Amino acid sequence: MLLRDVEYAKPSSVAEALARLAENDGARALAGGQTLINVMKARAASPDVLVDLNGLEELKGIELGADGTLSIGPMTTYTELMGSAEARARPILGEVCSKIADVQVRNRGTIGGNLCSNDPTNHLPPLMAAIGAQFTIIGQDGGERTVPASDFFLGVYMTAVGQAELLTRITIPAGKQDGFAAVTLGVDGTCIVNAAASMNGSLRVAIGCVDAVPVLVEAESPDTVREAVRAAGLQPPDDVHASSEYRAHLAEVLAERAARQAAEKR
Amino acid sequence: MTTIAPEKVEVGRSLLGESVPRKEDRRLTQGQGVFVDDVKRHGMGYLHFVRSPYAHAHITSIDVSKVEKIKGVYGTLTGEEVATLTDPFFQIAGAPGGQIKDFSLAVGKVRFVGEPVVAVVAETRELARDASELIEVEYEPLPAIVDARNALDADAPVLHDDAGANLMWEGVFEWGDLDQAFAEADRVVKIDELHFHRFNSTPLECDGALVEYNRGTGQWTIHTNNQFPGFAAIMMGPAMRCGLDKLRFVTQDIGGGFGNKITSHPQLVVCCLLSRKLNRPVQWTEWRTDFHMSMSHGNERWFQDTEVAVKEDGTLLGFRTKALDDAGAWLRYEPLGGVIWAQVTPGMYRWRHIRVDFTQVATNKAPVSPNRGYSRMQHLWFTERVIDIVARELELDPVEVRKRNYIRAEDMPYETPNGCIYDSGDYAQMLDIALDLIGWDSMDEKRRDAESRGKRLGVGIGSTLDSGTNNFGQSQLINPELQFSGNNEVATVKLDIFGEIVVTLGTTPQGQGHETTASQVVAEILNCSLDDVHVRAGHDSYWNSHAGFSGTYASQFAVTGLSAVKGATDMLAAEIKKLASVVFGGVPVEALELAEGGVRIKDNPEAFLPFMACGAIINANNAGLPDDLGVTLNCRYVYRPPFQVPDVERKFGNLTLTYAVQIHVAVVEIDPETGYYDIVDYAAVDDCGKRINPQIVEGQVMGATAQAIGAVMHEVYEYDEDGNLLTPNFYDYHVPHALDMPPLRTGSMESPSPFTPLGTKGMGEGGGAGIHAVCAAIQDATGKIVTDSHNPYHRVWELMR
Amino acid sequence: MNVNGERTFAAPRATVWRVLNDPASMAKVMPGVEGFDVHDSGRWTANVKIPLGLGGLRMKVDMEKTEEREPEFAKMAIKGTGVGAMLNMVTSFDLRESDGACAMAWSADVKIAGPVGSMGQRVLQPIVNQQVENVLSALDVQVQEALRAE
Amino acid sequence: MDVAVTVNGTLYERDVEARKLLIHFLRDDLDLTGSHIGCDTGNCGACSVILDGKLVKSCMLLAVQADGAEIETVEGLADGDRLTALQQAFTDHHALQCGYCTPGMLMSATALLRSNPSPSDEDIRKALQGNICRCTGYWNIFEAVKSVAR
């Protein structure tokens, strides 16, 4: 419970936040803190400076474009997203967020935090990969760039958002034919394997917990999803909750289930 | 569930059997409880342990020089200092286990990940932890032994050179005539290996203490949440080379115990030594990860080469098995687990020929110690598994096999093959109640419905005993040299100067509602209102209301605690009458009665002496009373259960006084593709004799059930081959939360114990039934024999492949 | 945990061997090296801050070459000590000429003890794979540089 | 760093280290020991408090992050000696045993009933998912919350 010494900064703008992050390569952005603070309790990680993004309105808000495109501020909490009328344009978002952790965590945890921490057991990375989200990142110079999920998730706890950069926007195309399936540790607990699917012209299924980043497979139809997963040649990690073999098996089953959910929606 | 309205509680009707609301709740619902971490003292320092990162290693050097210079760091304690300041803890075992040298910090060698190596005390919690990181400990890693089944291999690394090998204790238990049983058998069912996994109850509050040392008196005051101060005292006194008068234990509210808070004595010794060394109060908080890595795991046990002698019709004649018990790195309460199971040797069945070769070994894992259902849970899981495996092998109905072999109501009290006396109960009738609750007759329909949804349904029974009130004489079956036997508990009931009825217990409740049930007994006897009875919260050895076995453990308060309360209150009632007969000018005591908060003459209620007057007379206005009155209105009673010392040669005798009974039935639905399963229905029927407060009893049944569900589905202390704990916190050690709970139906019977003053039986540990029931349900659903007590989804999936 | 694989470098075996035995190049190959001391040809010590995304993990890493058959095989014992984590690793590589290029078969037995080992258990394997991948790519870069320098 | 928080209507101003968690601040600095600590990982919910109207776990928040906030803890529920309907329901239904999880449990249930005065059984379970109880098996807690739902 006892953190190492750390400096705390509460910037009043994204620009100031970027500046504080640039000052010290030991600085880390603090979003909801529902992962980072716990890692700091274990002293498994100890940033020199925490740059608190809470209260930066620039990073909040959910907008629904005329074409049905959703633009979500990364500091939006799960609870806010679940309650957002705009976000209902893509129902899967609220459905999946409601399964993340518990009320307390959902009240503080943020969409951006979930994505940027990219813990392999997180729900949102595979979901975003499946529905083809785009990520807008602002650099130290204030310049913005937008990357697709395939270029966003780089490794465990690693994304395209570099030191002294921030995720500023998550853009989600219109769509309704989505699905999500998971086997979790207890009801709605930590994911052992999860899979998100989206039918948008083609069928895209992204699988979580089986590699450092979500594994995306495409298939003609739900009937061919299992083959597609098998073809991906997964080598999932072993841990106390599942053998590599079991995870590989779940990947196929859950990918198909997510795909069928997606296909059945109209 | 019924709602309990306070007005139900009134004088003049029996309070015994009333679900009166708990006295404890008022403070606890307002956040006004006093838990150990809430206790603070001026100038106290916070203690943090440097813990071993290795499962097995020599300590080559320890350097604390860096931290002692830091401002705000008060000081440190190392194993070397401990080894000079204290003697090794007393060992319950004889040779070889008894030869190990157990100190409160690692000396020269570490034997499990998380073992305390150095303690540092500082001005703040954070600084203490910072300092612990600057203490340099050099290790020379050694190979670790993690799987108990390899602990006795010739090439196995040895934890304790003093013991020569990893064998800690072994004993052969044989009763009846095995040869005859197997000769008579139509079938011999063989079971290669069954495994009961390692877990514990993870009380939400971890261990802790605030220890003050008084230089003037040389006495330590230990504010702690240890649930068995009597045991801690006899461990600590000799080790610290002091009399028990120097160790004052104080507890108040305890955030759950379940047996897991019995063996914190090593950490308490460290706090004592440091409070003396630094001359300031020392506060220790055990964090969750510390607890998981180092505290009180439940006994992990294998049952190997089991053979069961049965008749074609399912009549059980006897069994033999080899039990291999994993004690972890130290014997902190062990090897008592090597005999505690014998309290329920035949389970609930009538077989008379039994042999158990019991072996306990040390491994490089956290030390085990009592966990709810201590040692009996493992054995009862074994007997229940045997029943369901036999039923499957003989293609018989598990219900029929149970009913055919259950000990019969008409045979109560029943003497088991090893001399234990099962006091009362009707197991078969309880099973019928449970099957009724679960809708046994419509099970085939439910199966078909599940299949139509692509699920596999299975139903299983778990029937267990909760043996309560130990005869500590059983320790002599482990080590004949030991001088422990019987049991006792103390209560003091006094009438104070303004008529306050003050009750002092020797127990250390952790949620069992002792303040409430004790009040019920006192108010019943004194015929007064519950509100007039004041039970002191917690335990304080200064109150002189405790004895050697005082504490709250092993399902016994309803027997030992309440019998002590009854004894003391009966004494007080007699003294009140004796005093009144004098005050009323020689009215015989038979003519007096207690009523409405006083004592009066039965056929002249006008002649009434309120308790207040009684208290005032004896305590403050006693001139002129007869010299030989002999009334103090301060009555201390020690309850001592009727026990004999067991026959050490035959390992025969009555090991516990009462046997509460639990029959649970679980229904599971398995997703055959993933192994994921839900418990879709659950029934728990309990019989613990006379219930003083049915609601509290039912609460215990529910809590134990939930822990069983967690244990069988999710909870496990799993280690990798190097001895790293893979489930060191609630992230990976998943305990059931609100969404995980199945629907629950509860039922009960009351078969009063003929052996206890109130007809009560100890209870609260019967949850093991849930583990058995779910294992049996999984076996039913998958058609595969379940050989492990822990069945997470991946194991169920593997079963079905 | 045991990880192993094979990697081909577009360079002669001798070059690869040289790089693998040159402390200066190794310092550039290892993740997050902040300081590097060479005690002798067979023993090095590095102070590293392994990047773990949420924050770096500082460690003092001692490396000792325990076996060597120039120019094809070497085995190293690596011991890392940091706060909350102990790293014990035995790694070896086997270099083979394969038409102009050099194939390296490598394997590593990694043991991580301490709180980080337990805490991060569910993500350890991906992280190790990740670090190995980084090391190999960095090694490739060093090999190419060495080649250009020749 | 300076922190000013209003807890149960009282303003507290303190100077704390940036690294201090809100739960430690409440318990150790403000002596509000009703909120408890049951884990290291934000799972148990014994430290749950209501922060500016939102239910949060005070172990996953720095005290300095609460600067300027309104906090409600279990100590603030009862009006003097008058228990809230929920507190009374917990005792009537035997929804607590050791009482260690109770403060957090009460805060979660209080937050639920404010936002949803007539929760379904499923709503109640979902609202309490973040609070671990090891004594009761939750069943009596569900009953207690249900009994005060409109």
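In this predicted model, 68% of the 801 residues of chain B count as buried. The secondary structure of the chain amounts to 20 helices and 29 strands. With a radius of gyration of 27 Å, close to the 28 Å that the globule rule gives for 801 residues, chain B is as compact as a globular protein of that length. Along the principal axes, its C-alpha atoms fill a box of roughly 85 × 75 × 55 Å. Contacts that reach far along the sequence are plentiful here: of those between residues at least 6 apart, 80% join residues at least 24 apart.

The surface of chain B can be described in similar terms. About 25100 Å² is exposed, and carbon and sulfur atoms supply 48% of that area. The chain carries 71 positive and 109 negative side chains, and 2 Å separates the centres of the two sets.

Tyr682(B) offers a helpful view of the interior of chain B. This residue belongs to strand β28, which spans residues 677–687. Tyr682(B) has a relative accessible area of 0%, which falls under the 20% limit, so the residue counts as buried. What surrounds it? Leaving aside residues up to four places away in sequence, the residues touched by Tyr682(B) include Ile438(B), His664(B), Val665(B), Ala666(B), Thr705(B) and Ile709(B). Pro742(B), Pro743(B), Leu744(B), Arg745(B), Ala769(B) and Gly770(B) are also among its contacts. Leu744(B) deserves a second look: it lies 62 residues from Tyr682(B) along the chain, yet the C-alpha atoms of the two are separated by 5.0 Å.

Two points of backbone geometry in chain B are worth a visit. The peptide bond between Ala95(B) and Pro96(B) is cis, with omega about 0°, and Pro96(B) sits in the loop between α3 (79–85) and β4 (109–110). Further along, Ala554(B) has a phi near 55°, a positive value in a residue other than glycine. Ala554(B) is placed in the loop that runs between β22 (539–540) and α16 (557–583).

Chain D is the partner to turn to next, since of the 5 pairs of chains in contact, chains B and D share the most contacts. Chain D contains 5 helices and 5 strands, arranged along the sequence as β-β-α-β-β-β-α-α-α-α. Its radius of gyration is 15 Å, close to the 15 Å that the globule rule gives for 150 residues, so chain D is as compact as a globular protein of that length. The box filled by its C-alpha atoms is roughly 45 × 30 × 25 Å along the principal axes. Of the 150 residues in chain D, 70% count as buried. Among its contacts between residues at least 6 apart in sequence, 57% join residues at least 24 apart.

The accessible surface of chain D comes to about 4500 Å², with 43% belonging to carbon and sulfur atoms. There are 13 positive and 20 negative side chains in chain D, and the centres of these sets lie 7 Å apart. Chain D also has a residue with positive phi: Asp52(D), not a glycine, has a value near 45°. Asp52(D) is located in the loop between β3 (48–51) and β4 (54–57). Its relative accessible area of 48% makes Asp52(D) partly exposed.

Chain C makes no contact with chain D, and the closest C-alpha atoms of the two chains lie 10 Å apart. Within chain C, helix α1 (residues 13–20) is mostly covered, with 6 of its 8 residues buried. These buried residues are Arg13(C), Thr15(C), Val16(C), Trp17(C), Val19(C) and Leu20(C). A cis peptide bond is present in this chain too, leading from Glu70(C) to Pro71(C) with omega near 0°. Pro71(C) is found in the loop between β4 (57–69) and β5 (73–82) of chain C.

In chain A, helix α1 (residues 14–23) has Val14(A), Ala17(A), Leu18(A) and Leu21(A) as buried residues. These cover an arc of only 100° around the axis, and are therefore on the same side of α1(A). The cover over the buried residues of α1(A) includes strands β2 (27–30), β3 (49–52), β6 (134–138) and β10 (166–172) of chain A. On the face turned away from the buried side, α1(A) carries the exposed residues Ala15(A) and Glu23(A).

Methods. Residues numbered from 1 in each chain as written. Chains lettered and ligands numbered in written order. Heavy atoms only, no water. Helix = DSSP H or I, 4+ residues; strand = E, 2+ residues; numbered from the N terminus. Rg over C-alpha atoms; globule rule 2.2 N^0.38 Å. Buried < 20%, exposed > 50% of the residue type's maximum accessible area, 1.4 Å probe, protein only. Contact = heavy atoms within 4.5 Å. Areas by Shrake-Rupley, 256 points an atom, 1.4 Å probe, with all protein chains shown as cover. Lys, Arg positive; Asp, Glu negative; His and termini not counted. Charge placed at Lys NZ, Arg CZ, Asp CG, Glu CD. Arc of directions from axis to C-beta.
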